[in-house]
Amino acid sequence: MTATPSPSHGPADGSDGAPDITPEPATAAPSPVSRRRLLGAVGAGAAVAGAALGAGGTALATRDSGPGTAAPGGEPRAATVDFRGAHQAGIATPSQDRLCFATFDVAPGATRADLAALLTTWTAAAEAMTLGRQVPGGEGDLNTPPDDTGEAVGLTPGRLTVTIGYGPGLFDDRFGLAARRPSALKPLPALPGENLDPAVTGGDLCVQACADDPQVAFHAVRNLRRLGFGTVLPRWMELGFGRTSSTSPQQATPRNLMGFKDGTRNIDARDEKVMGEHVWIGEEEPQRWVRGGSYLVSRKIKMRMEQWDRDRLGDQQDVFGRYKSSGAPLTGHGEFDPPDFAAKSGGRYVIPEDSHIRLAAPENNKGLRILRRGYSYTDGIDKETGDLLGGLFFIAFMNTPDRFVTLQRVLGAHDALNEYIQHIGSGVFAVPPGLAAGQDWGRQLFG
Amino acid sequence: MTPQPPFRVPAFRHPLQELTVNPRATHRRALACAATVITAGLLLTACGGGKDDSKGSAPAGAKNAGDKSSTVSIGISDKDCAPTPATVPAGTITFDVSNKGSAKVTEAELLDGGKILGEKENLTPGLSGDFTLNLDAGKYQIYCPGAKTEKTDFTVTGAAEKTWKDDPALVTATQQYATWVTGEVKELVAGTDAFTAAVKAGRTDEAKTLYGKARIHYERIEPTAEIWGDIDGRIDGRIDDAATAADFTGFHRIEQSLWEKNSTAGLGVLADQLSADVHDLYTKVQTVEYQPAAIANGATDLVNEIQSSKITGEEERYSHIDLLDFDGNLAGANEAVTVLLPVLKVKDPTLAATVAQRYQATADALKAYAATPGYENSGYVDYRKVTDAQRRVLAQAVDAYAESVSKIAGKIA
């Protein structure tokens with residue numbers, strides 16, 4: 001598709017005004033290459049773009065940031081994340097800073113063929129966007145709306161990942177997929193303490209777009225939605241900021257909106273053994289097509305921020321079982337010190353019985369672990385109370401949603417945190433494995 | 001950018017017409033693609049707007065331009081920026097621009113009317129640069145701001161570009177559409193006269209039943225009516241479009257009195273004005289020359305209009321006959337699509353099928369609210385009875401239809 005660059009709406013000389021009296025040396029040092037240059041460079045930028053297009057868009061895109069660029073967490077920030085591979089990107093990928101998550105229902109009347117065609121189109125669009133390119137198509141015809149909505153032009157690819165998942169409803173009798181239902185995919189049971197709003201719950205499909213730039217993530221979902229007109233209907237969408245989990249110790253542990261470090265004991269997604277044990281769907285799954293995939297559970301968790309902010313520090317720390325400032329367990333000094341759940345003081349557990357980390361800890365749940373990959377969200381102001389609306393948009397990956405159900409039955413019933421939070425939205429999706437070269441989501445799903 | 005009427009109106013090209021900004025006009029773009037830019041081996045289309053209505057909707061692109069290559073030298077000086085040669089054949093043209101020694105003139109642009117197609121800037125004395133364009137036959141200008149003679153003519157020769165007028169099927173389509181629009185406006189005139197007569201006679205209930213019957217014809221042909229922003233504003237403006245209370249006139253002003261006050265008191269002058277305006281519109285629409293792409297994009301605008309002002313209940317906020325307006329917009333879009341369909345079926349049968357299917361889905365969704373005689377004799381239920389969830393279903397059908405219609409213009413040319 002690089003043969004059909006985006007329309008340039010400026011004059012023929014797209015340079016920034018610099019005269020191109022000297023041709024750029026062929027061995028020009030890598031320079032930041034924005035989407036705009038990648039796609040529509042002319043004039044002074046043309047030497048760079050021309051050379052790079054010959055060498056392939058991927059190579060160009062990965063030059064986007066120099067080795068000196070680092071994310072706040074300290075890890076080098078590659079500009080692009082491979083779209084294809086054994087697993088879908090956006091799961092083991094070190095968490096990007098921003099999220100745009102949307103779910104869709106298949107439109108009434110849309111057929112199996114429509115859905116398959118859309119998934120094929122989505123694959124091409126998602127792959128292009130993760131490379132920092134525009135949605136394929138469009139020759140700059142003034143009589144046609146541009147195929148790409150355009151707001152990511154000039155932005156870097158931002159490590160965009162686009163991850164697709166399929167909800168339980170997709171495997172009903174509408175599309176002949178009943179026989180391909182991943183064995184653990186079914187609606188989540190009712191869980192203690194939840195108060196789910198149907199408007200932010202469920203969906204036949206989900207798309208998780210993560211990027212270091214919120215506009216890049218939003219652009220991805222917006223364009224997939226646009227391509228989906230007539231086949232899928234958007235059901236709900238969530239924007240996330242401030243990743244609330246590190247998925248690698250390389251990343252500094254971020255804080256959630258309660259001000260506590262979140263994800264200290266999360267799975268290190270680089271650890272293939274642990275990922276294979278807890279996150280990736282393995283050989284035990286009878287549906288071969290979904291092996292190497294995972295299950296995504298999303299929970300929109302509203303925080304009662306005003307009430308929380310009024311809680312005394314000692315209680316806040318007891319609720320979590322950690323020190324607020326350092327993130328250390330109440331039995332330790334450093335963030336990564338293992339919690340001592342047996343330690344007592346004055347006859348009481350130092351890490352209280354109803355504290356969040358005690359209830360959620362693998363050692364207290366028969367070793368059960370999940371990969372958390374959530375983000376903070378806000379919906380503005382509550383119309384009735386004027387209080388802030390927001391909290392945690394929880395996303396976790398696991399090899400069966402039963403893991404989440406087991407944990408949440410405990411947390412929902414006993415967690416001291418429940419005084420300050422409520423689960424108001426929910427989703428469960430089977431996330432297929434990564435695509436091989438030449439494969440697309442449509443053929444992968446329908447076989 | 002100065003809004004332009006969507007259709008060519010030879011008899012009414014008063015300069016003011018193009019300067020009139022119609023805040024409600026949903027579409028105002030007569031489009032044509034004038035040049036493609038070739039730089040460093042990349043082919044980029046750089047179409048920025050129609051330079052000439054007679055070129056119609058055909059994207060000029062490389063396929064229409066000649067395949068010859070030429071080089072034109074432009075020397076910048078205090079005096080001018082004359083091109084050498086001043087006339088070249090259509091095709092790929094490289095402009096070599098050099099500044100031999102002018103401190104005050106440092107750039108040269110190739111203009112197509114007022115539009116910059118290519119330029120080389122910041123050429124201080126001794127510097128040179130180039131830009132390459134793929135140009136169709138036509139008259140252009142080289143422009144160097146600051147020189148004694150700022151603009152010099154530049155001519156590209158070659159066969160006239162092929163236009164939609166060379167396709168008899170498209171010519172037929174435009175004629176069919178013109179005939180249909182004229183017929184609709186004729187109905188509008190008759191319906192409006194009956195309505196305004198009832199208003200003037202103080203027959204409030206009768207006026208209410210005639211209101212929708214007149215309006216639906218307007219809703220069908222809005223893209224054409226919007227060519228004349230002032231008339232459109234007087235006929236169909238909303239209270240929030242009006243700068244002053246006196247500027248709120250036409251259908252919706254009368255609607256407000258009929259439904260809010262259940263009265264025709266003081267509406268005589270407004271009724272006369274409305275009647276005069278639709279008669280004026282009838283005279284004017286018969287002069288319009290339609291272009292296929294503008295017809296197609298007018299259809300998109302009509303469907304968008306359903307989404308922005310009918311689904312929301314904005315347009316008929318006093319009478320709540322929004323579903324009848326929905327019907328009118330949809331019928332108008334469908335007529336535009338229908339006249340273009342024979343061509344579209346040849347150019348892009350898949351899109352033609354998609355458009356037809358999504359039209360049907362939208363029409364079916366609307367039909368669920370049809371009633372006889374319906375609220376205020378509109379043929380539909382009171383729009384206030386349609387729940388938010390039901391409106392969302394309608395909106396989703398409309399959205400999908402609009403998306404497919406928006407792709408037609410680029411395919412038929």
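**A chat about chains A and B**

Visitor: What is the mean pLDDT of chain A?

Guide: This is a predicted model, where local features need pLDDT of at least 70, side-chain atom pairs count only at pLDDT 80 or more, and totals for chains, interfaces and linings use all residues. Residues are numbered from 1 along each chain as its sequence is written, while chains are lettered from A and ligands numbered from 1 in the order in which they are written. pLDDT is the predictor's confidence in each residue, from 0 to 100. In chain A, 82% of the residues reach 70 or more, and the mean is 85.

Visitor: Over which residues of chain A does pLDDT stay under 50?

Guide: The model still has 163 contacts beyond four places in sequence for that stretch. A contact here means two C-beta atoms, placed from the backbone, within 7 Å. The stretch is residues 1–77 of chain A.

Visitor: How many bridges join strand 3 of chain B to strand 6 of chain B?

Guide: Strands are DSSP runs (E, at least two residues), numbered from the N terminus, and two of them pair if DSSP finds at least two bridges between them. Strand 3 covers residues 68–76 of chain B, and strand 6 covers residues 91–99. They run parallel, with B:S69 opposite B:T92. The number of bridges is 9.

Visitor: And in strand 4 of chain B, which residue is the bridge partner of B:S73?

Guide: Strand 4 (residues 83–84) pairs with strand 3 of chain B in the antiparallel sense, over 2 bridges. A hairpin through 6 residues joins these two strands. The partner of B:S73 is B:T84.

Methods
Helix = DSSP H or I, 4+ residues; strand = E, 2+ residues; numbered from the N terminus.
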